[in-house]
Amino acid sequence: ALSHPAHEFCAVGGDASGCGGGGDGTRILIKGGTVVNAHLAEEADVYIEDGVVVAVRPDIPVDVDNVRVIDATGKYVMPGGIDPHTHLEMEFMGTVTIDDFFSGHAAALAGGTTMHIDFVIPVDGNLTAGLESYKHKAAKAAMDYGFHMAITKWNDEVAREMEVMVKEHGINSFKFFMAYKGSLMVTDDLLLQGLRKCKSLGALAMVHAENGDAVAEGQQRMIDLGITGPEGHALSRPPILEGEATARAIRLAKFINTPLYVVHVMSIDAMDEIAKAKREGQRVIGEPVVSGLVLDDSWLWDPDFTIASKYVMSPPIREAGHGKALQAALSSGILQLVGTDHCTFNSTQKAFGSDDFRKIPNGVNGLEERMHILWDSMVTGKISVTDYVRVTSTEWYYTLNLLKPGFSLEVTRLSYQNALFN
Ligand SMILES: NC(=O)NCCC(=O)O
Ligand SMILES: [Zn+2]
């Protein structure tokens, strides 16, 4: 489900035949850099015509009068980042996320991400109305994007619309929220129906895995104890509730025999369930997000509400130790690709919950920061540069089996010496 499917990707070493065409005549040579793909890093030039990579090999001769030459000596040339998990202009918890499809895209591009996949939220359960609304929001887009679709209600019409989404709109990933009781949360009954439908359509089922009923009880417990500040958010929804829901979703997916994608894996508890399922041969894809990989929950105890509330997201940012364990799981392939769950609210919006943490809109940033934070925290002996490209970009194509002609991959350039992205 790409916004500009007319772009084509020409594989490394490919020639001009069958690539390009229909562009604006621009010719660019990125010269002398280290080209990094998911499986190989090599010294090479990259020749681009009409926005299409035509050739990747050393010493490509060009007519310098007609070609813009960019000197990439000493730099890495890599595919632009793909963020598989964002929420731009999303109506949520009585307000709307502050980054829209323009400001979010500007932020993404500034940070080296050139494509993202956002979640369409149905309108009163209706998928077509939800998609129309998101197409309208995305009219101001400045880069490539795709859509997943959330499923918030179940009936024959929703089942039929899922088929329409796959067959007519190319949306083939559907997310089920197991949390947010009273709004987005689905029951096990709905999840089972949804998993079955995904299987029959060959679509990917995704879950936000937290036990929403238990979270509601945990929240009431905190309020009864007089804990109303942001720390109550973390205390009310501990890792065990994420682990439980992850295990339940994995088992239901096994029962239906369909693959499962677990979004924002934030805890060791959830990660262990994914590792166990993988060891047993089940196809489960685990997505950590940058906030979960590099932050800990001490921020939620900051006495300044404005600071603490910035870190409120669900599942919560966990105690120190979880992040490092998630990093190790990413290094070893237990977790597979890194998103952000970019879902930003300003301090006025966060202040809706100044007397009651349950009303703080849930969400943190990351769309601009993901690429360099991951580089700084993990390409320091934990993952290789090729793994970096895989987990920030190309793995998404493999996840949805999209790495084929007709789908776009952008090129980005990271100059690590001065930590600048271009
Ligand atoms: N994660 C979060 O806190 N906000 C966005 C909605 C979701 O993905 O759960
Ligand atoms: Zn999300």
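The UniProt annotation "domain: Amidohydrolase-related", from an unreviewed entry, covers residues 76-393. The structure shown is a predicted model. The protein has 422 residues, and 55% of them count as buried. This briefing covers the annotated span, the overall fold and one pocket.

**The annotated span**
- Helix makes up 44% of residues 76-393, and strand makes up 14%.
- The end C-alpha atoms of this span lie 15 Å apart.
- The domain name comes from the UniProt record.

**The whole protein**
- The protein contains 14 helices and 16 strands.
- Take the contacts with a separation of 6 or more: 75% of them join residues 24 or more positions apart.
- The accessible surface is about 17,000 Å².
- Carbon and sulfur atoms account for 53% of that surface.

**The second largest pocket**
- Rolling a probe the size of a water molecule over the atoms reveals where empty space remains.
- The second largest pocket has a volume of about 250 Å³.
- Its lining is made up of 15 residues.
- Which of these lining residues lie nearest the centre of the pocket? They are Met93, Tyr180, Lys181, Gln219 and Arg237.
- Helix α5, residues 212-224, gives the largest share of the lining, with four residues.
- By residue type, the lining has seven nonpolar, five polar and three charged residues.

Conventions:
Residues numbered from 1 in each chain as written. Chains lettered and ligands numbered in written order. Predicted model: local features only at pLDDT ≥ 70, side-chain atom pairs only at ≥ 80, totals over all residues. Heavy atoms only, no water. Helix = DSSP H or I, 4+ residues; strand = E, 2+ residues; numbered from the N terminus. Buried < 20%, exposed > 50% of the residue type's maximum accessible area, 1.4 Å probe, protein only. Contact = heavy atoms within 4.5 Å. Areas by Shrake-Rupley, 256 points an atom, 1.4 Å probe, with all protein chains shown as cover. UniProt positions renumbered as here; feature names shortened; annotations may be inferred. 1 Å grid on protein atoms, 1.4 Å probe; cavity = no way out; pocket = protein on both sides within 12 Å on 5 of 7 lines; lining within 4 Å. Points joined across faces, edges and corners; volume = space filled by probe spheres on them. Nonpolar A, V, L, I, M, F, W, Y, C, P; charged D, E, K, R; others polar.
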